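Morning, everyone. Here is the structure for today; please have a look at it on the screen.

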Amino acid sequence: MLISYKYRAYPDATTEARLNAALDTCRWLYNKLLEECNTTRETGVTPTMRGMQARIVTLKEENPFLKDVYSKVLQMVNYTLWSNIRALSQTKKRGRKIGKLRFKSASRYRTLNYNQSGFKIDWENSRIAFSKIGTIPFTMYRPYSGKVKGILITRSGDRWYVIVQVEQTVSASKREGRSVGVDVGLDSFAVDSDGMVIENPRFYEHSLDRIKKLQQSVARKQRFSQNWKMAKGKLEKAYDHITNQKNDFLHKLSRQYVDTYATICVEDLNIKYLKENGKSRGFRRSIHSASWGRFFSYLSYKAARAGTNLIKVDPRNTTQMCSNCGSIVKKDLSVRVHECPYCGFVVGRDYNAAVNIHRVGMEQPFEPVEPRPLHHVSVMQVLSMKQEAPP
Ligand SMILES: [Zn+2]
């Protein structure tokens, strides 16, 4: 399993200039290869990844700057291009209407990929030496373990980060202990069968005023001017801040679940979305589904490492079924309370679903539910949970 650790990096001015130059060269290469793929296709020939790989060698004669970039990094530019091409053709196959792959502008090309080689990590002094770039200090607030497969260097506004990709073996022994069912919802981020209700994070909404101001500031500046670039940098940073907050929240919440429970039951979101395909899905739902997907992916890799069981349950009827007696009680999205006309059981809609998810996941029979008092957990409480423990 490949796991990423992100650390803030502090290149000095000379190294930073080299990083920016390398990014610029890689971006040139990306766009050049993309352009040649397009023209090749127009002549009726299908371009190949290997063909483009070979092209890099001859391009070095055309653009001497390519020689200033570590060759494996150049190879990874081609690799990235082809994984983008593949992703696009898969979206096409699923019947979505989409255009061509876009050329990358400077603000969209922000990452150098050192795969397998070309770097040397000095943990004692927390520095990494990159071939053709130089040595970059970084802060290691969270140590990793396992074999390093590659390192990415990425720019975000005026900040730099290194992302260490580590291969880790999955823990084989499964733990024994408490189990829980977790339902993700719209009113709150999640509700579990132990009665914990996790409030919805509204990082974006909270920063909306600031984002709007920054957007206006960018719009007022003359394009590509120094001030425009600075304003854009600030806006980029504000977006990154929101992403970081959100990820921090999802990391901590999933860590809490994996640490507390030996078995976690969740709905299989893939099935859920397949079923809902065709029905109208609102914007609010779509932004939430991105967070849920990420939450489940964090849960699943953390669970795999800790030997925690993660059970994916078929979401059919988890909401409609009465968790107390098993009767189907139809309710549309606006009905937030589950009221069973058959057994008189009254409980919150999402809590009812969480209990069902738990019962189905653990393959338990129906038995009378002792409703627990709901315990509300704020986003701040989640964020103040301890930093992720080193593996
Ligand atoms: Zn009932």
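The largest cavity has a volume of about 30 Å³. A cavity here is a set of points on a 1 Å grid, over the protein atoms alone, where a 1.4 Å probe fits but cannot get out. Grid points are joined across faces, edges and corners, and a volume is the space filled by probe spheres set on the points. How many cavities of 30 Å³ or more does a search of the whole structure find? One.

This is a predicted model, so local features need pLDDT of at least 70, side-chain atom pairs count only at pLDDT 80 or more, and totals for chains, interfaces and linings use all residues. Residues are numbered from 1 along each chain as its sequence is written, and side-chain values use heavy atoms, with hydrogens and water left out.

Back to the cavity. Its lining includes Ala22, Asp68, Val69, Tyr70 and Val73. Leu112, Tyr114, Ser131, Lys132 and Ile133 also line the cavity. By class, that lining has seven nonpolar, one polar and two charged residues. Ala, Val, Leu, Ile, Met, Phe, Trp, Tyr, Cys and Pro count as nonpolar, Asp, Glu, Lys and Arg as charged, and the others, Gly among them, as polar.

Next, the largest pocket. A pocket is an open set of points with protein on both sides within 12 Å along at least five of seven lines, and lining residues have an atom within 4 Å of a point. The largest pocket holds about 1,100 Å³ of space. Its lining has 34 residues, and Lys6, Asn244, Asn247, His251 and Tyr298 lie nearest the centre. Which elements give two or more residues to this lining? They are β1 (2-9), β6 (147-156), β7 (159-167), α5 (226-260) and α7 (283-306). Helices (H or I, at least four residues) and strands (E, at least two) are DSSP runs, numbered from the N terminus. The largest share, ten residues, comes from α5. By class, the pocket lining has ten nonpolar, twelve polar and twelve charged residues.

α5 also packs against a helix. The axes of α4 (residues 203-220) and α5 come within 9 Å and cross at roughly 170°. Axes are lines fitted to C-alpha atoms, for helices over the stretch in contact, and angles run from 0 to 180 degrees between N-to-C directions. α4 and α5 are therefore roughly antiparallel, a label for angles over 145 degrees. Among the residues in this contact (heavy atoms within 4.5 Å) are Phe203, Ile211 and Leu214 of α4 and Trp228, Leu235 and Phe249 of α5. The classes there are twelve nonpolar, four polar and four charged.

Now α3. Helix α1 (residues 13-42) and helix α3 (residues 71-93) pack at about 45°, with axes 10 Å apart. That makes α1 oblique to α3; oblique covers angles outside under 35, 65 to 115 and over 145 degrees. Among the α1 residues in contact are Cys26, Tyr30 and Leu33, and α3 offers residues including Val73, Leu81 and Trp82. This contact has twelve nonpolar, two polar and no charged residues.

Helix α2 (residues 49-62) also meets α3: the axes come within 10 Å and cross at roughly 145°. Met52, Ile56 and Lys60 of α2 are among the contacts, as are Leu74, Trp82 and Arg86 of α3. Here the classes are six nonpolar, four polar and two charged.

Last item: Lys312, in strand β12 (residues 309-313). Leaving aside neighbours within four places in sequence, Lys312 is in contact with Val266 and Asp268.
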